[in-house]
Amino acid sequence: MMKKTILLLLLVTAQISLLHSQEVSVLDFQKFRPYLEKNNDTTYVINFWATWCLPCIKEIPYFQQVNDNYSDKKLKVLLVSLDFANQIDKRLKPFIEKHKLTPQVVLLNDPDANSWINEVSPEWSGALPATVIYNKNFRGFYEKSFTYNELEQIINQRISN
Amino acid sequence: MKKITLSTLFFFSLITLVIAQGYQVGDQAMDFKLKNVDDNFVSMSDYPDAKGFIVIFTCNHCPFSVAYEDRIIEIDLKYKELGYPVIAINPNDPAVSAGDGFDDMKKRAAEKEFTFPYLFDDGQKVFPVYGATRTPHVYLLNKKGEALKVAYIGAIDNNHQDAASVSEKYLEKAVNALLKGEKPAVEFTKAIGCTIKVASK
């Protein structure tokens, strides 16, 4: 009996944690900036996207794949959503759950984009998707859609083991 | 002979470079002839009395474009009286951008009662010359004699999410400067937007 209860409890907890797969922090650019400025051995793959952006959604699985395939490497994938802040519960969270996204997702909610786009990269026109790949020795900015192979190629060249 | 080939090559690569980068403020903009949602073709030369144009690359599907629809109507109503009408252009290839076909454009223009022409960049010949990369993307043009000079490139204002929270109306300020015969203080801004959809080759 006791064993059964514990099992049930475990199952329920597991399910709850699945449902609440991920909390999404909402950040303005000031609070987000540190993610662009880490200075350590990790390589950061930061993808700017939104649930309504078709080319973004097409490439999101590749970022998930990078996240999974490099889990034993010093690499971190961060998905920066530019969804409208009032859509977080209606669109963003359901999307994360549906696609079982495991990389960290943050919502960058800072509508005055002209004030911060250049700080992400002067090369960025503001179009989505866009990706920053950086570590302490390298910084690349890409206003384009990626294939998995393209991502892998850049990462393999730059990652420190 | 070699010299000629090299300089020709250089010349052509220069041309591609210029085309790829699009217009900068101060450049002369080209006119276009594109089909409007009323099935008539529209060119800027059709407006001999205009002092300039507010050319906005925008579309149906993009939430940033949708968020700005009402503001674009307001800007058109305010500034066409003053000589700067809005001309909206959908640059997307409908084959790869659901909801951005010519019939969708007609429907949206009717629903929202657009007060301005909403043109279709059929064949995507215009937006690359201007250098538009996202929707919405504004090019404010000012007539100097026969020429149309680019006076401002960028965002409409500094809050796409909420018109009530806007603190900088970049586009309106730029037009106001032109109306006073001045150069806009801010000539270039950036904004988040949807990429212009092009079928991959």
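Select Ala98(B): this residue is partly exposed, because 13 other C-beta atoms lie within 10 Å (20 or more would make it buried, 12 or fewer exposed; C-beta atoms are placed from the backbone). Ala98(B) sits in the loop between strand S4 (86–90) and helix H3 (102–112) of chain B; helices (H or I, at least four residues) and strands (E, at least two) are DSSP runs, numbered from the N terminus. The model is predicted: local features need pLDDT of at least 70 and side-chain atom pairs pLDDT 80 or more, while totals for chains, interfaces and linings use all residues. Residues are numbered from 1 along each chain as its sequence is written, and chains are lettered from A and ligands numbered from 1 in the order written.

Next, add Lys33(B), 65 residues from Ala98(B) along the chain; their C-alpha atoms are 24 Å apart.

Continue to helix H5 (residues 170–179) of chain B, where Tyr170(B), Leu171(B), Ala174(B), Val175(B) and Leu178(B) are buried. These residues lie on the same side of H5(B), because they cover an arc of only 130 degrees around the axis (taken from the directions from the helix axis to the C-beta atoms). Just after H5(B), select Gly181(B), which has a positive phi of about 75 degrees.

Finally, turn to chain A and display its open sheet of six strands, ordered S1-S4-S3-S2-S6-S7 with mixed pairing (two strands pair if DSSP finds at least two bridges between them). Strands S1 (25–27) and S7 (138–142) of chain A stand at the edges; each has a single partner strand, so one side of each lacks a neighbour in the sheet. Within S4(A), Leu107(A) is the bridge partner of Val26(A).
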